[in-house]
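Me: Could you take me on a close look at a single part, the surroundings of ligand 2? I am new to this, so please explain the terms as you go.

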Amino acid sequence: MDTQAIKYEIIENIGIITGVNPPVNALSYNVRKGLVEALKLFLKNDNIKGIILCGEGRTFFAGADISEFGKPMQSPNLNEVILEYENSNKPIVAALHGSPLGGGLELAMGCNYRVALSSTKLGLPEVKLGIIPGAGGTQRLPRLAGVEKALSMITSGIPIDAKNALESGIIEEVFEDKLIENALNFIKSKLTLDIHPVASKLTEKVSNVKNDIFINFSNKIEKKHRGRKSPLCAIEAIKATTNLSFTDGLEKERELFKVCHDSKESSSLIHMFFSERKALKIPDIPKDTQILPINSAAVIGCGTMGGGIAMNFANVGIPVTVIENSQDSLDKGMNIIEKNYSNTVSKGRMTQNEFKKRMSLISGSSKLESISNADVVVEAVFEEMNLKKEMFSKIDALAKENSILATNTSTLDIDQIAESTSRPQFVIGTHFFSPANVMKLLEIVRGKHTSKEVIASTMKLAKNIKKVPVLAGNCDGFIGNRMFHEYVRQAHALAEEGAKVADIDRVIYDFGWAMGPFAVNDLAGNDVGWRIRKRHKQEGKYDNLRYTSTVADQLFELGRYGQKTNRGFYIYDQQTREKKIDPEVDMMFEKVAKEKGISRRQIDDKEILSRLSWALLNTGCMILEEGYALRASDIDVTYAYGYGYPHWRGGPMKYAEDYGLEKVLEEIKNYRTKNPDMWPKCNYLEQLVKEKKNFN
Ligand code: 3HC
Ligand code: NAI
């Protein structure tokens, strides 16, 4: 007899309990109920001497059902389930494969033994959802693996592989294949032994632990996860293993779990989790759309972006050819790629063999003909329309049939680029972010003629190369840069009106962004922004506008491009890259303000944050109104993965929603009366507020 989500069978004298809750065996109510019922049946059956707990499909239980969070918990809760397994008088082995994460691993740690396939990745990723393990994970993992290992796994949320888990004492054996057959042999070999103590009974690894380890971890975490609560709560819960009994520790964990569960940090991170997955769903592109195979790639231009883009392909085993227009530039580009990989090797994060393998997958060429066998061609030459058009007409002549023709342009019109080919349906934007081998976002830009097959295949490709894709429409700057442009313009307006550059950056950094707008400008290169502004000026986009990033243009004219020239909005130490405030820049703002007749005043932190946040929000709403983003949550994903926006704030749209759209609009209207050209009216936002609605 099977319940809906649990299957059970008996092989010889061993009972097998299998989770059947696709796609990831989340521990939903039916699963928890089934787990207890199956166990009770097996415990009553005298013929059964041992038990295997496993999962069907792609993984062992991958954790609690996140969609149940915030709803009333239906009994049995996971702690109750685990207690039943822990109290079993017959030995139980959890047979792990796939991703035993969170509650899944917690359940496994309530069993007497754990065995796993070597491909298994296991961990407690709860902090990534703004919570801590809530079913004993903070109490059992330190008892199995030691406090230091538990601190590292739980505060980072990063899964470890089976080999590492074996070495750490979390699992007992690793198998290459035949999981159930091997688990059967394993549990049979234990039947004649005394029952193995469960994790909660172990004390050795949590005795005599020095307090320093917790202090050091907290200090590290406070720096790394600025402003976040859950990793610190995790440390506190783990510490309880060293000074409280298991039962009291569990109580402490519950208390801290509740604090985290009820926090904005958690609701924002859960929003991020589901938004990232929602972004993959494109309403007019059915799931069964034909996917074009991508087994080889070519990247044209091996500069800042091209080299990193090529590495993405090599990292997942796809051979890639990089093409430059001279041997010199090619050598330079290839050397940078090699240096990047060497750095990873020297940090111990890549073996020499892997290094050789990846380098062997990247070949260089100075002939455009080398693209002729590639399934995808990514163009990453200078950001100039005429050059892009020229390149695409040549690509069209050389690329094979059905090859995806992608451009890495950050702002230019995809349709104009596509027009220079005879196959616009194959042309698409793949906007990588710098550094392209590191940043997770891939903004995929749909042209007027881009075919559904090409979009679906590019979305799939993004997942394969481990990027987070977001589909954008073809407007100037697409989603991310169109918003960023307004955000930077607002930062300049603030500086012209009296805020100091370093104060603006500080407010944004303290909010949780990786860096402030001026520091970003210096990192990306002020020359890049200048080229875009130059085009915008030619197209009349700045006509009659007062705030136009004038100081940035002046710095460009002085050759101060940012970090690459050791001077931009800040002054950089040539060796250490440490930045220093440049008082000259604040004076330049003062002078520009005077010339424009702007009266300067003291601007407080609250106004800085609000104006920068709502500049993003207002532009985001316009993008939604015009249909260039499918949903507000796609914008949140774009900002979290491409621009260093703090994930735990949920993204610029979610943050505004949490703040209250009505209040946001009121503040915008107030700013608009003073600076109308900075705050175009967005009907979509006005309508939402009028109807008392949020984004959906
Ligand atoms: N709860 C509910 N739904 C989940 C889920 C979960 N824990 N994990 C994944 N899903 C859903 C996804 O939303 C997605 O749904 P969709 O197809 O409708 O968009 C579907 O399952 C497939 O997920 P992925 O696309 O992410 O599948 P992958 O194969 O790429 O990755 C995975 C699989 C590694 C398991 C990944 O889904 C993942 O990391 N999941 C979250 C795991 C996690 O955080 N577990 C801890 C939960 S909190 C907890 O356990 C609390 C406890 O301490 C009490
Ligand atoms: P880059 O100037 O660093 O590199 C461009 C490379 O293209 C140079 O190495 C150049 O030699 C090569 N090139 C020029 N003409 C060529 C030709 N005919 N054939 C082969 N190679 C040729 O520029 P970067 O920064 O890499 O930008 C490339 C593209 O990526 C641009 O469209 C840019 O807007 C976009 N982009 C840039 C980002 C950044 O942060 N730098 C971020 C996202 C997109």
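**A close look around ligand 2**

Reply: Let's start with the wider setting: the centres of domain 1 and domain 2, taken over C-alpha atoms, are 41 Å apart. The protein chain is divided into domain 1 (6–264), domain 2 (297–472) and domain 3 (480–627 + 660–690), with bounds that come from an automatic or database domain assignment.

A word on the ground rules. This is a predicted model, where local features need pLDDT of at least 70 and side-chain atom pairs count only at pLDDT 80 or more, while totals for chains, interfaces and linings use all residues. Residues are numbered from 1 along each chain as its sequence is written, chains are lettered from A and ligands numbered from 1 in the order in which they are written, and side-chain values use heavy atoms, with hydrogens and water left out.

Now to your ligand. Around ligand 2 there are 20 residues, and those that come nearest are Met 305, Glu 324, Glu 383, Lys 388 and Ser 410. Here, a residue is near a molecule if one of its heavy atoms lies within 4 Å of it. By class, this shell holds eight nonpolar, nine polar and three charged residues. Ala, Val, Leu, Ile, Met, Phe, Trp, Tyr, Cys and Pro count as nonpolar, Asp, Glu, Lys and Arg as charged, and the others, Gly among them, as polar.

Where do these neighbours sit along the chain? Helix 12 (304–315), helix 15 (385–398) and strand 14 (427–432) each supply at least two residues of the shell around ligand 2. Helices (H or I, at least four residues) and strands (E, at least two) are DSSP runs, numbered from the N terminus.

Next come the polar contacts, each a pair of N or O atoms within 3.5 Å. Ser 410 has a polar side-chain atom 2.7 Å from an oxygen atom of ligand 2. For Asn 408, an N or O atom of the side chain is 2.9 Å from an oxygen atom of ligand 2. Asn 325 instead faces a nitrogen atom of ligand 2, with a polar side-chain atom 3.4 Å from it. On its own, ligand 2 has 830 Å² of accessible area, and the protein covers 82% of it; such areas come from the Shrake-Rupley method with a 1.4 Å probe.

How values were computed: Polar contact = N/O pair within 3.5 Å; in protein donor to acceptor, adjacent residues only side chain to side chain.
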